[in-house]
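Let's take a walk through this structure together. Keep the 3D view open and turn it as you read.

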Amino acid sequence: MRRTPQSPQSRRRWPRPRTVVTALLALSLVGVILLAAGFAIGYQVVRRDNLGQLDFATPLVVPPLLEPETDEEGRQAFDLRLRTGASELLPGTRTVTWGVNGDHLGPTLRMRRGDHVAVRVTNELSEASSLHWHGMRVPARMDGGPHQEVRPGGVWIPEWTVRQPAATLWYHPHPHGRTAEHVYRGLAGMIIVEDERTESLTLPSEYGVDDVPLIVQDKDFDDAGQFDLSGGGGVGILGDEILVNGTHDPHFEVTASRTRLRVLNGSTARVYDLGFVDGRHFQVVATDTGLLPAPVERDRVRLSPGERAEIVVEMDPGERAVLRSFPGGLDAGFFQDRFSGGDDTFDIIQLRAADRLRESPPVPRELGSEPVVEPPPGATVRAFELSGTSEINGRPMDMGRVDEVVPAGATEIWEVRGSGSPHNFHIHDVSFRILDVDGAPPPAWLAGPKDTVYLPPGALVRLAVDFGTEVDEEVPYMYHCHLLAHEDAGMMGQFLVVPPERVDTVDRTLNHPSGGHSHH
């Protein structure tokens with residue numbers, strides 16, 4: 001049968017293959033261009049700084065020093081209350097904040113080696129929280145971790161004997177899954193431990209005068225001047241405003257030729273690479289858990305969340321010096337540096353020297369006298385890998401699971417590797433020494449006693465870890481990333497410290513997987 005040919009108008013025309021390929025390539029090219037443009041815009045937008053925006057108009061608020069009272073049992077007793085309030089953090093705006101014994105942040109606790117301490121913690125918040133004594137060597141039941149949450153209206157009274165050398169420590173909440181928010185809202189404060197060694201040294205030591213706490217935190221505010229907790233990328237919220245002791249746009253009046261700054265990175269995610277704008281050098285005299293053997297001259301120190309450094313700055317009469325966080329401190333690569341805050345620049349605080357300064361003694365040539373943590377031959381080696389934003393060794397945190405069991409009094413080697421984004425690593429109730437980073441010894445200022453260490457992506461850090469002698473077969477300590485969004489997401493594990501003969505037989509399942517140690 002003969003077919004009738006279709007007219008040109010009715011015949012369906014299919015595009016030639018070459019035309020299809022060309023069109024797809026054009027669409028792909030447009031997509032690539034749009035994607036590249038979007039990335040370029042985003043790459044520029046996420047970079048933050050406050051250069052030229054500050055007048056350093058506000059005198060630095062120095063947290064009050066809370067001296068203990070001796071109670072009827074002879075303990076050095078502190079009274080701390082977690083509460084809500086409102087604070088003028090930005091000029092002319094009242095921000096809803098949380099604080100300890102006040103509207104925002106908390107008092108500085110000062111205690112001495114050998115003191116028997118008791119702290120009455122009262123929770124006046126509307127939700128459960130806790131207070132963890134970061135860097136303090138305490139029994140596990142007194143640690144203030146997620147197993148010791150205090151319910152609203154509840155009271156918790158931990159007690160311990162201070163058995164560690166002088167150091168700058170701090171306290172902050174540690175509720176499971178909510179630590180970042182509680183710290184961000186303002187629950188934090190410093191702890192100063194003193195001992196007979198530091199009391200004999202000629203370091204600046206008059207609190208708030210030439211011995212000054214600096215709690216450095218970044219914040220995001222919404223249009224109403226309230227904390228904005230809605231953002232946060234891979235490392236957590238990176239704010240565009242800096243507060244020091246809760247003070248915005250701060251300056252400090254220097255009255256002595258040398259000033260000791262106890263610097264705490266109290267941020268939830270941001271890493272600071274700190275130095276002075278004029279490039280002046282300073283002496284680093286202590287890190288997280290104690291004095292260095294000798295002062296180390298530096299012009300920069302990098303502090304990740306939770307880390308501390310004590311530095312002594314020398315100034316001439318009438319000088320002004322600005323402490324700045326410089327870009328380039330993350331060592332995380334092109335992409336991560338930009339999107340994790342490593343390319344940001346922030347002025348922190350201005351130091352203003354008076355026209356006449358009290359002459360300070362020189363910094364001693366020798367400082368710490370504590371023995372260096374040395375792993376013994378054949379020391380136990382444990383390996384930890386921090387991956388993504390929520391796992392250690394491939395597992396997220398489980399409140400009912402014990403991950404490691406350590407014999408009391410042991411010194412071990414912990415090998416910790418970062419991956420993906422920047423991380424850091426904090427271990428409760430220990431002091432450790434960094435043995436090496438990717439096989440190289442740490443710089444001298446990082447070779448002292450620590451409890452928290454920064455981990456660039458892919459880096460392997462080896463630690464010599466000194467464990468305490470307080471044993472408990474039911475209540476664990478924590479180890480975790482102190483980028484608090486990661487901790488809250490599950491980048492945390494638990495370990496028990498037990499008598500050596502019980503290491504292989506202790507139960508690795510906890511009785512209270514949901515944190516049943518909450519206090520009324």
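Start with V244, which stands opposite T247 in β15. That pairing belongs to a small piece of ladder: strand β14, residues 241–244, runs antiparallel to β15 and is joined to β15 over two bridges. Keep in mind as you look around that this is a predicted model.

Now zoom out a little. Both strands sit in an open sheet of seven strands, and if you read across the sheet you get the order β15-β14-β13-β17-β22-β19-β20, with mixed pairing. At the two edges are β15 (247–248) and β20 (290–298), each of which pairs on one side only. If you're wondering what holds such strands side by side, strands of a sheet pair through backbone hydrogen bonds, either parallel or antiparallel.

There's another sheet to find. This one is open too, with five strands in the order β27-β34-β33-β29-β31, and again the pairing is mixed. Its edge strands are β27 (404–407) and β31 (452–455), each pairing on one side only. Neighbouring strands here are turned against each other by 25° on average, if you ignore direction. For a closer look, pick out β33 (residues 477–480) and β34 (residues 492–498), an antiparallel pair held over four bridges. Within that pair, H480 has M492 in β34 as its bridge partner.

Next come the charged side chains. Side chains of opposite charge can pair when their charged atoms come close. The structure holds 44 salt bridges, and D211 is a good place to begin. Which residue does D211 meet at 3.8 Å between the closest N and O atoms? The partner is R260, and the two form a salt bridge. D211 lies in strand β13 (residues 211–219) and R260 in strand β17 (residues 258–265), so this salt bridge ties together parts of the chain that are 49 residues apart in sequence.

D211 also meets R262 in a salt bridge, at 2.8 Å from N to O. Here too distant parts of the chain are linked, with D211 in strand β13 and R262 in strand β17, 51 residues apart. Are these charged residues buried or exposed? D211 has a relative accessible area of 4%, so D211 is buried. R260 comes out at 6%, which means that R260 counts as buried as well. R262, with 4%, is buried too.

Compare that with R395 and D403, whose side chains meet in a salt bridge at 3.3 Å, N to O. R395 has 40% relative accessibility, so R395 counts as partly exposed, whereas D403 is at 11% and therefore counts as buried. You can also look for a bigger web of charges: D288, E307, R308, K450 and D451 are linked in a network of salt bridges.

Finally, step back and take in the whole chain. How many helices and strands does the protein chain have? There are five helices and 34 strands. The chain has 520 residues, of which 55% count as buried. Look at contacts between residues at least 6 apart in sequence, and 78% of them join residues at least 24 apart. As for the outside, the protein chain exposes about 21900 Å², with carbon and sulfur atoms supplying 51% of that area.

Technical notes:
Residues are numbered from 1 along each chain as its sequence is written. This is a predicted model: local features need pLDDT of at least 70, side-chain atom pairs count only at pLDDT 80 or more; totals for chains, interfaces and linings use all residues. Side-chain values use heavy atoms; hydrogens and water are left out. Buried means under 20% relative accessible area, exposed over 50%, partly exposed in between (1.4 Å probe, protein chains only). Contact means heavy atoms within 4.5 Å. Accessible areas come from the Shrake-Rupley method with a 1.4 Å probe; for residues, only the protein chains shown count as cover. Two strands pair if DSSP finds at least two bridges between them. Axes are lines fitted to C-alpha atoms, for helices over the stretch in contact, and angles run from 0 to 180 degrees between N-to-C directions. A salt bridge is a side-chain nitrogen of Lys or Arg within 4 Å of a carboxyl oxygen of Asp or Glu.
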